Structure formats: C-alpha cells, structure tokens
Amino acid sequence: MGPLLARGLSQDFVPLKSRCIKGLADWILTSPCQRNIIVLAGAGASTAAGIPDFRSPGTGLYDNLQKYNLPTPESIFSLDYFRKAPDAFYELARDLWPGVQGYRPTLTHRFISTLDRKGRLLRCFTQNIDGLERLAGVPSERVVAAHGSFDTATCVRNGKSVPAEELRQAVLSGKEGPGGWQSLREKYGGLVKPDIVFFGENLPASFFKHRTLDFCKCQLLLVIGTSLSVYPFADLPREPPGSCIKVLMNREDISEFGFDISLLGDCDEHVQELVTRLGWQEVLKEMADSKTSASGD
Ligand code: CNA
C-alpha cells in the first residue's frame, strides 16, 4: 500500500487497495455500511438524458445560444440581463422546466439512488436544476440542490413568493395573452423567476448548512460530470478530511483538484462497470425497465 493510500487512517476507515474501478468497488463493499459517501454532481450526469451541459465545446448550451443574441452566454442566467430582457430566459425555461420535455434519469442518477437505498449515501450535492436525482428516487432530504430548483418561484422586484405551477403555466403560454408571463408580471408587480440560482445570487441555506454538517463524515467523495468551474460549489472537494478518498468521473480531466482515482470518459460507462463489480445488477435492470416503459413496449 502506497503512503498516500494509507494516510490519516482512523479505526473504521478502510484504505483504498488500488486506484481503479475494482479498488473503488472493493472499498464500497468492505467499508462499514454507514452513510459516508457524498456525491457532487454536475450537468455531465444528465447529458445522457438529452440535456446539454454548459461548457462542452459544440454541444454545450453556451455554444448554442446564438438565437438569443446575448452579450455573453452567461447573460442568460444573469439577474441584470433578465430584468432588462427576460424573453431569452423564459424561452429557455420552457425546455429546462422539469417534466416538460420528459427527460428521464440516467444510469448515473439510478446509481446515486441505489447508494441511498443501500444506506451509503450521506448526501448528493447537485448543481443541476433538472430534478433527475429525485426522479430516480433519491429522497429530497438527501439532495442539496445547490443551484436551486424550479420547485418554487419568486418575484424579483418585491420578493413575493409565487406558486411555481402558476409560473410554469405562464412560461409554457409564452409572453403575451391572458396566461402569459407578461400578465403574471402585472399580477405580482414584477418579473417572476423560478428559484434557480442566477450568477451573483446567493445559494440556498441548505447548501451552507450541509457543507458544515456533512463533509467531516465523508469517507468517499464521488465527483461526477462537472467542470468544477462555478464557485462556491467548486470549493466542496476541499472540504472532506484528508483521509477521504476522492474519485472523479468526468469526460475532461480536472486533476488540479487532487483525485485519488480519475475515471475519464462517460460517467454512465464507468457506473456500468462499477455496479457490475459491485454486483448491484438491480441498477442495470431498473435502467432497462425504464427504457422499455418509456418506449411504450
Ligand atoms: P459544465 O461546466 O457544463 O461541465 C460539465 C462537465 O461534464 C464537463 O467537464 C464535461 O466534460 C462533463 N461531461 C459532459 N457529459 C458527460 C458525461 N456523459 N459523462 C461524464 N462527464 C460529462 O457544467 P457544471 O455542472 O460543471 O456547471 C455548473 C452549472 C451547469 C450549474 O449552475 C447548473 O445549473 C448548470 N447546468 C445544469 C444542467 C442540468 O440541470 N442538467 C444543464 C446545463 C447546465
């Protein structure tokens, strides 16, 4: 065992025997069965569902916003720009609103849910706003939606809460007309936005609460499908104790974060190998069943 693999051992800490999927599977199977795993998820966990990420060259949302004529790609999630020109965000929100396009959880989401069912998941911190972790069965209390969600909505002018369903209907109805977002604006005295976190806005209180409470218990950190370029989320890999094993599953290498295992490529492919080695065939079966029911067979 190398010195790095043995660092900071506590009594109930199982060291990593090898820096590969097999080593990871062995660790999960042999470490004491308690909630000691934290997942940090990003848009890459959902690309296999058909939802583009932000920054992948060519396919990412930031390379495909030309039709909105934005000053910068980030403007679409900027509060100042939204106040001046809300049309672009409202149009995009039609596609992103969970349930509207019928996006289904990926193998990665189902694996996270299985970690929970097996009593291993302490928390899933997600930057995603697609709600697919919960759709895969991860209980709400195990998910920290660090960049907010479409579950609630607020008027950006006066802070009034607005029923999310009312906003959803307005977004789907478009700008004009009795049910459109202009009439919602008039009704509430200002533009209404879902409580997803725009650039410059505060993260939800649950992010700070669980950042403080959870990471000291974390023995395995799984970082999946994120460029780790949005802060303060990108600081989270530095939170666990030194003994924590850190694993990356991502298409691009972000080794500056000091991972013990870097599994580059599609996360679903690594998850497939991992669940096979774990003997958790139910994850693959669930995935196959969901594909069958989605295709109406
Ligand atoms: P990002 O900056 O676009 O990075 C995505 C990362 O995932 C990149 O490093 C890709 O290489 C990698 N990636 C893409 N597909 C895969 C795959 N199949 N397997 C493994 N890796 C893959 O997105 P981040 O999540 O890092 O940035 C945070 C933003 C993105 C948050 O504010 C989110 O709200 C926002 N976002 C969310 C969604 C969603 O909810 N599904 C979609 C697009 C953007």
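How far does a backbone N or O atom of Phe54 lie from an oxygen atom of the ligand? The distance is 2.7 Å. That is a polar contact, meaning a pair of N or O atoms within 3.5 Å; within protein, one must be able to donate a hydrogen and the other to accept it, and residues adjacent in sequence count only if both atoms are side-chain atoms.

Before I go on, some ground rules. This is a predicted model, where local features need pLDDT of at least 70, side-chain atom pairs count only at pLDDT 80 or more, and totals for chains, interfaces and linings use all residues. Residues are numbered from 1 along each chain as its sequence is written, and side-chain values use heavy atoms, with hydrogens and water left out.

Back to the ligand. Ile129 also has a backbone N or O atom 2.8 Å from an oxygen atom of the ligand. With Asp130 the side chain takes part: one of its N or O atoms is 2.7 Å from a nitrogen atom of the ligand. Taken alone, the ligand exposes 860 Å², and the protein buries 95% of that (Shrake-Rupley method with a 1.4 Å probe; for residues, only the protein chains shown count as cover).

Around the ligand there are 27 residues, and the closest are Arg55, Asp130, Thr226, Ser227 and Glu252. To count, a residue needs a heavy atom within 4 Å of the ligand. By class, this shell has eight nonpolar, 13 polar and six charged residues. Here Ala, Val, Leu, Ile, Met, Phe, Trp, Tyr, Cys and Pro are nonpolar, Asp, Glu, Lys and Arg are charged, and the others, Gly among them, are polar.

Now the domains, whose bounds come from an automatic or database domain assignment. Domain 1 is 16-49 + 106-147 + 204-292, and domain 2 is 52-102 + 150-196. Each of them gives at least three residues to the shell around the ligand. Their centres, taken over C-alpha atoms, are 29 Å apart. Ten residues of domain 1 are in contact (heavy atoms within 4.5 Å) with ten residues of domain 2.

Last, the cysteines. How many disulfides are there? Zero, where a disulfide is a pair of cysteine sulfur atoms within 2.5 Å. Cys20 cannot form one because the closest cysteine sulfur, in Cys244, is 18 Å away, too far for a bond. For Cys124 the closest is in Cys267, at 12 Å, also too far for a bond.
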